[in-house]
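Look at the model below with its side chains switched on. The text after it walks through the aromatic rings and then the cysteines.

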Amino acid sequence: MSARPHVELFTDGACSGNPGPGGWAYILRHAASGQERERSGGEAQTTNNRMELTAVIRGLEALTRASVVELYSDSQYVLKGLAEWMASWKQRGWKTADKKPVKNQDLWVRLDELRTGHEVRFHWVRGHNDHPENERCDALAVAARDKAAGR
């Protein structure tokens with residue numbers, strides 16, 4: 001059996017207004033080959049958190065084999081949700097500690113499905129701090145947001 005491929009997944013989301021037009025983007029880099037894939041998209045009416053989650057979802061959907069995924073995001077919401085909060089939400093039937101429905105549950109459920117089989121490691125990067133891949137994802141997400149807004 002071969003070792004799992006190792007990939008880096010850089011993600012970002014952008015939104016004008018909350019809600020408002022939004023965009024998401026990811027860069028997926030295969031460690032062994034250095035080969036990269038960039039993708040982005042947008043929605044006319046969404047929130048920043050939904051775009052941050054969508055970026056990770058689309059990146060994981062692009063994987064064709066179980067992988068070790070180094071996930072880089074500037075979203076504490078996404079990283080803490082995955083690393084800390086999701087297990088408790090699931091135990092409580094997708095409810096928060098104060099028994100309210102988890103916001104963006106549809107996306108969290110999809111993200112939970114997609115990470116099965118992968119080993120996902122979480123890395124927070126400070127946004128707008130000259131991190132090359134984060135800056136690139138931000139530019140792609142902003143362009144997708146502007147396109148969704150008809151600009």
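Start with Tyr 72 in this predicted model. Tyr 72 has a relative accessibility of 17%, so this residue counts as buried. The cut-off explains the verdict: buried means under 20% relative accessible area. Phe 10 is buried too, because its relative accessibility is 4%.

What do these two residues have to do with each other? The structure holds five aromatic pairs. Phe 10 and Tyr 72 form a stacked pair, because their ring centres are 4.8 Å apart and their planes meet at 20°. Planes under 30 degrees apart count as stacked. The pair also links distant parts of the chain. Phe 10 belongs to strand 1, residues 6–15. Tyr 72 belongs to strand 4, residues 68–73. The two partners are 62 residues apart.

How is a ring pair described in general? Two values are used: the distance of the centres and the angle of the planes.

Now apply both values to Trp 85 and Trp 89. Their ring centres lie 5.9 Å apart and their planes are at 45°, so this pair is tilted. An angle of that kind falls between the cut-offs, under 30 degrees for stacked and over 60 for edge-to-face. Where do the two residues sit? Both are in helix 2, which covers residues 76–91. They are four residues apart, so about one helical turn separates them.

Are Trp 85 and Trp 89 buried or exposed? Trp 89 counts as buried, because its relative accessibility is 8%. Trp 85 has 32%, so Trp 85 counts as partly exposed. Ring pairs also join these two residues with Tyr 77 and Trp 108 into a cluster.

A ring can have a charged neighbour as well. Find Trp 24 in the model. Arg 58 lies over the face of Trp 24, 5.9 Å from the ring centre.

Turn to the cysteines. A disulfide is a covalent bond between the sulfur atoms of two cysteines. How many disulfides does a search of the whole structure find? The search finds zero. Why does Cys 15 have no such bond? The closest cysteine sulfur is that of Cys 137, and at 17 Å it is too far for a bond. The cut-off for a disulfide is within 2.5 Å. Cys 137 is in no disulfide either.

Both cysteines can be checked for burial. Cys 15 has a relative accessible area of 18%, so Cys 15 is buried. Cys 137 has 0%, so Cys 137 is buried as well.

How values were computed
Residues numbered from 1 in each chain as written. Predicted model: local features only at pLDDT ≥ 70, side-chain atom pairs only at ≥ 80, totals over all residues. Heavy atoms only, no water. Phe/Tyr/Trp six-rings, centres within 6.5 Å; stacked < 30°, edge-to-face > 60°. Helix = DSSP H or I, 4+ residues; strand = E, 2+ residues; numbered from the N terminus. Buried < 20%, exposed > 50% of the residue type's maximum accessible area, 1.4 Å probe, protein only. Lys NZ or Arg CZ within 6 Å of the ring centre and 35° of its normal.
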